[in-house]
Amino acid sequence: MKMLIGGDWLGAQESIEVKDPLDNRVIDTVPAASREEVEKALQSAVEGVRVARGMTVYQRAAVLSETARIVERRLEEFARTIASEGSKTIREARGEAKRCVNTLTISAEESKRVLGETIPFDSFPGGEKRIGYYYRFPIGMVLAITPFNDPLNLVAHKLGPAIAAGNAVVLKPATVTPLSALKLAEAFMEAGLPAHVLNVVTGHGHVIGDDLVRDPRFRMVSFTGGLEAGHRITQAAGIKKIGMELGSNSPVIVMDDCDLDWAVASSVSGAFWAAGQNCIGVQRIYVMRRVYQDFVDRFVERTKKYKVGPKMDEDCDMGPMITEGEAKRLAGWIAEAVEKGAEVKCGGERTGAVLKPTVLVNVPEEATLHREEVFGPTVNIYPVESLDEAIAKSNSLNFGLHAAIFTRDINRALKAGYELDCGGVMINDSTDYRLDSMPFGGVKHSGLGREGIKFSLQEMTEPKVISVYLPDWRQ
Ligand code: NAP
């Protein structure tokens, strides 16, 4: 596939192979943008700012709705692209494509609700003869940078609100999974989005990232990805708005009064969805001592039933990690944890990029597997004596995207809701629950700002005050 710049589909001198991580088969190539193409995309987006501001709200909403309908009509094609270039099974990929339809539909709806307010200028002496209001205007040029793990819907989470707000965008999708993003860009163009409003450059972040991020023509960088790239982008960005959707190390608390079967089913799914490569994936589970052994036994039994590997099979539960290198990295972390005293209850075996779903107990707190974001199919289960201990341990690391608690006791549920230090607390669901319209984002090293269309629209617009002096007002 090619890049989208100024309404044209362009190649570059160099190209990048896109491979299926399961068998390393080359499924397509994309251009490796150089400085020259980056500059072309930026110039196009400057024109895009003018074009986008000329679009009425109903025109923006119509394009977004039509794009949603195109994705809906070609759902299977989108799902197959997601599943071929990335880690997801075909069932997981269909789920993501459906969510993308939802994200774009919400963007169309929310474009009509970007509201301002009147300002009571007479609330202070000297303002009696003034009336006025503020409205929210588009921020301008937005740079969107997206990760590999939800290659379609996380792109929609940036393009949807950026276009709904009346901005121009340059998108740089993840190099390992650029095809879903390019297909979405095709759908936008087919839906009638004018040239220049959306530009997509493909290329390695470490090669073109700094040129993009530093450029003063951008008014905002909206980034979703890992902490390391997040740090670098924050340092390079200069004076512009930054949205950071970063990683986590999500904790789940299991109380002894909960529906244990549901807690197990929900947490197994939350741990191994997308082969655990999920920013809200379950990583640490704190279980009350009284039900600990029962929980571990049921969790392991369910995990052992997972069918792993052939992503396109309808009954496949989990695919490979995104590269063999990533699977080797995680196998190394498991070995380190075992050396320090952890016990593998099931899984741990690796073939190529496929790492079996792995359940560990007795993981010491100094193990990398405990402290860092794992981003892979492993989960640690720990016994705790009280809710206070579980909350303290949940809060003990420098991440805070989602946390969860399973309990039938409303007091415990709400206490956890208030005391868990994170962007969202799921009660009687694992951390892996997200509705595309809810505010989504983290505290500490999990991020800055919030996504979820209505909330992204606030980030991607700025208030402008209009004050009118009326000398004859209130004689
Ligand atoms: P990543 O390595 O940080 O890459 C994310 C994106 O940033 C890619 O497009 C990458 O390009 C680009 N990039 C890398 N270095 C850059 C630089 N110096 N300047 C500009 N762009 C740069 O993350 P990933 O491995 O794709 O995704 C996994 C991470 O994303 C995990 O930490 C996960 O938790 C996080 N995530 C967070 C959320 C959330 O909503 N909070 C959602 C999903 C994922 P290349 O691909 O070319 O390297």
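Which of the 30 residues around the ligand come nearest? Select Thr 175, Gly 205, Gly 226, Leu 246 and Glu 373 to see them. Keep in mind that this model is predicted.

**Stop one: the ligand.** Stay here and show the polar atoms. A polar side-chain atom of Thr 175 sits 2.4 Å from a ligand oxygen. Now add Lys 172: an N or O atom of its side chain is 3.1 Å from an oxygen atom of the ligand. At Gly 225, turn on the backbone, where a polar atom lies 3.3 Å from a ligand oxygen. On its own, the ligand has 910 Å² of accessible area, and the protein covers 86% of that.

**Stop two: aromatic rings.** The whole structure holds 6 aromatic pairs. Select Phe 148 and Phe 375. Their ring centres are 5.8 Å apart and their planes meet at 85 degrees, so this pair is edge-to-face. The two residues are 227 apart in the chain. Phe 148 is in the loop between β7 and α5, while Phe 375 is in the loop between α12 and β18. Phe 148 counts as buried at 17% relative accessibility, and Phe 375 is buried with 17% as well.

Next, go to Phe 295 and Phe 299. This pair is tilted, with 5.6 Å between centres and 40 degrees between planes. Both are buried. They lie 4 residues apart in helix α10, so about one helical turn separates them. Add Phe 272 and Tyr 306, and you have a cluster linked by ring pairs with Phe 295 and Phe 299.

**Stop three: the surface.** Select Ile 410, Leu 414, Tyr 418 and Ile 427. Together they form a nonpolar patch with about 460 Å² of accessible area. Helix α14 gives the most to this patch, with 3 residues. Ile 410 is in that helix and counts as exposed at 56% relative accessibility.

Definitions and conventions: Residues numbered from 1 in each chain as written. Predicted model: local features only at pLDDT ≥ 70, side-chain atom pairs only at ≥ 80, totals over all residues. Heavy atoms only, no water. Patch = residues over 30% accessible without salt bridge, like charges linked within 9 Å, V, L, I, M, F, W, Y side chains within 5 Å. Areas by Shrake-Rupley, 256 points an atom, 1.4 Å probe, with all protein chains shown as cover. Salt bridge = Lys/Arg side-chain N within 4 Å of Asp/Glu carboxyl O. Buried < 20%, exposed > 50% of the residue type's maximum accessible area, 1.4 Å probe, protein only. Near = heavy atom within 4 Å. Polar contact = N/O pair within 3.5 Å; in protein donor to acceptor, adjacent residues only side chain to side chain. Phe/Tyr/Trp six-rings, centres within 6.5 Å; stacked < 30°, edge-to-face > 60°.
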